[in-house]
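Reader: I am new to this structure. Please take me through its pocket closely, and then through the parts around it.

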Amino acid sequence: MRESKKELINLKVQNKRKEAKHKEHADKFWIVKIILIAFIVALTFAVISETIIPKVNIILGIIILIVFIILGVLFDMVGVAVTASDPTPFYSMASRKVKCANIAVKLKKNADKVSSFCNDVIGDICGVISGSVGVIISSSLSKSLHTDALATSLLVTSIIAAITIGTKAMSKSYAINKANIILYKFSKYVYFFYKGQK
């Protein structure tokens with residue numbers, strides 16, 4: 001009887017070790033994967049920033065800037081909401097086979113990865129584009145208003161930084177308070193996207 005108990009304990013310990021090794025391997029794979037994704041996406045947008053964006057006019061530049069600031073804020077909200085959300089309602093919804101509930105559960109289980117992708121990868125891309133567009137806007141303003149190029153660049157950069165940081169600060173507070181709602185809505189978008197791909 002004691003031997004069987006010892007065998008059971010040893011089996012549980014071995015299983016836990018295997019699970020820990022598997023998780024460690026999965027985490028290392030994810031780190032390599034996210035680095036490669038970040039590199040490819042950042043390189044793509046860097047090329048766009050250096051080739052296409054310098055050719056846009058000031059109005060289009062402002063529109064692009066606003067779009068990428070909003071995009072950065074929205075993904076920042078998703079990253080925070082996934083981390084701060086309570087998974088209990090989504091497990092209940094998944095058991096009742098509510099559409100997109102399984103996606104919400106998967107996102108919550110991989111909260112660290114989702115947060116890393118949304119906040120770091122997308123956030124950095126939006127930062128690169130915003131910086132490039134800011135240079136174009138400041139250059140255009142300096143030429144049209146006959147102002148000092150350095151002073152205009154510093155002013156435009158400061159305004160963009162203030163708007164980005166301010167909106168992200170507000171969005172983080174909202175994302176924490178409305179985490180489950182944001183996760184549910186984002187899961188619906190993901191669900192309909194995948195459904196449309198089939």
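Author: What follows starts with the chain as a whole, moves to the pocket, and then visits single residues.

This is a predicted model: local features need pLDDT of at least 70, side-chain atom pairs count only at pLDDT 80 or more, and totals for chains, interfaces and linings use all residues. Residues are numbered from 1 along each chain as its sequence is written, and side-chain values use heavy atoms, with hydrogens and water left out.

First, the frame. The chain has seven helices and zero strands. Here helices (H or I, at least four residues) and strands (E, at least two) are DSSP runs, numbered from the N terminus. Along the sequence the pattern reads α-α-α-α-α-α-α. Of the 198 residues, 31% count as buried. Buried means under 20% relative accessible area, exposed means over 50%, and partly exposed lies in between (1.4 Å probe, protein chains only).

Now the pocket. The largest pocket has a volume of about 590 Å³. The search runs on a 1 Å grid over the protein atoms alone, and a pocket is an open set of points with protein on both sides within 12 Å along at least five of seven lines. A cavity, in contrast, is a set of points where a 1.4 Å probe fits but cannot get out. Grid points are joined across faces, edges and corners, and the volume is the space filled by probe spheres set on the points.

Which residues lie closest to the centre of the largest pocket? They are Ile103, Leu107, Phe186, Val190 and Tyr194, out of 21 that line it. A lining residue has an atom within 4 Å of a point. Four helices each supply at least two lining residues: H1, H4 (101–109), H5 (111–145) and H7 (179–197). H7 gives the most, with seven residues. By class, the lining holds 15 nonpolar, two polar and four charged residues. Ala, Val, Leu, Ile, Met, Phe, Trp, Tyr, Cys and Pro count as nonpolar, Asp, Glu, Lys and Arg as charged, and the others, Gly among them, as polar.

Next, a loop beside one of those helices. Cysteine 100 sits between helix H3 (88–95) and H4. Its phi is positive, about 75 degrees, although it is not a glycine. Cysteine 100 is buried, because its relative accessibility is 5%. Histidine 146 also has a positive phi, about 55 degrees, and is not a glycine. It lies in the loop between H5 and H6. Histidine 146 is exposed, because its relative accessible area is 72%.

H1 also has a part in the surface. Leucine 43 lies in H1 (residues 2–51). It is partly exposed, at 47%. Leu43 joins Val32, Leu36, Phe39, Ile40 and Val47 in a nonpolar surface patch of about 590 Å². Patches are made of residues with over 30% relative accessible area and no salt bridge; like charges are joined within 9 Å, and nonpolar side chains (Val, Leu, Ile, Met, Phe, Trp, Tyr) within 5 Å. Areas come from the Shrake-Rupley method with a 1.4 Å probe, and for residues only the protein chains shown count as cover.

Then the charges. The count comes to one salt bridge, defined as a side-chain nitrogen of Lys or Arg within 4 Å of a carboxyl oxygen of Asp or Glu. Aspartate 76 pairs with lysine 172, with the closest N and O atoms 2.6 Å apart. Aspartate 76 is in helix H2 (residues 58–84) and lysine 172 in helix H6 (residues 149–177), so the pair ties together parts 96 residues apart in sequence. Aspartate 76 is buried, at 4% relative accessibility. Lysine 172 is partly exposed, at 35%.

Other pairs lie far apart in sequence. Threonine 164, in helix H6, is 98 residues from isoleucine 66, yet their C-alpha atoms are 9.7 Å apart. Threonine 164 is partly exposed, at 21%. Isoleucine 63, in helix H2, is 70 residues from valine 133 in sequence and 9.7 Å from it in space, C-alpha to C-alpha. Isoleucine 63 is partly exposed, at 46%. Proline 89, in helix H3, is twelve residues from alanine 101, with 9.0 Å between the C-alpha atoms.
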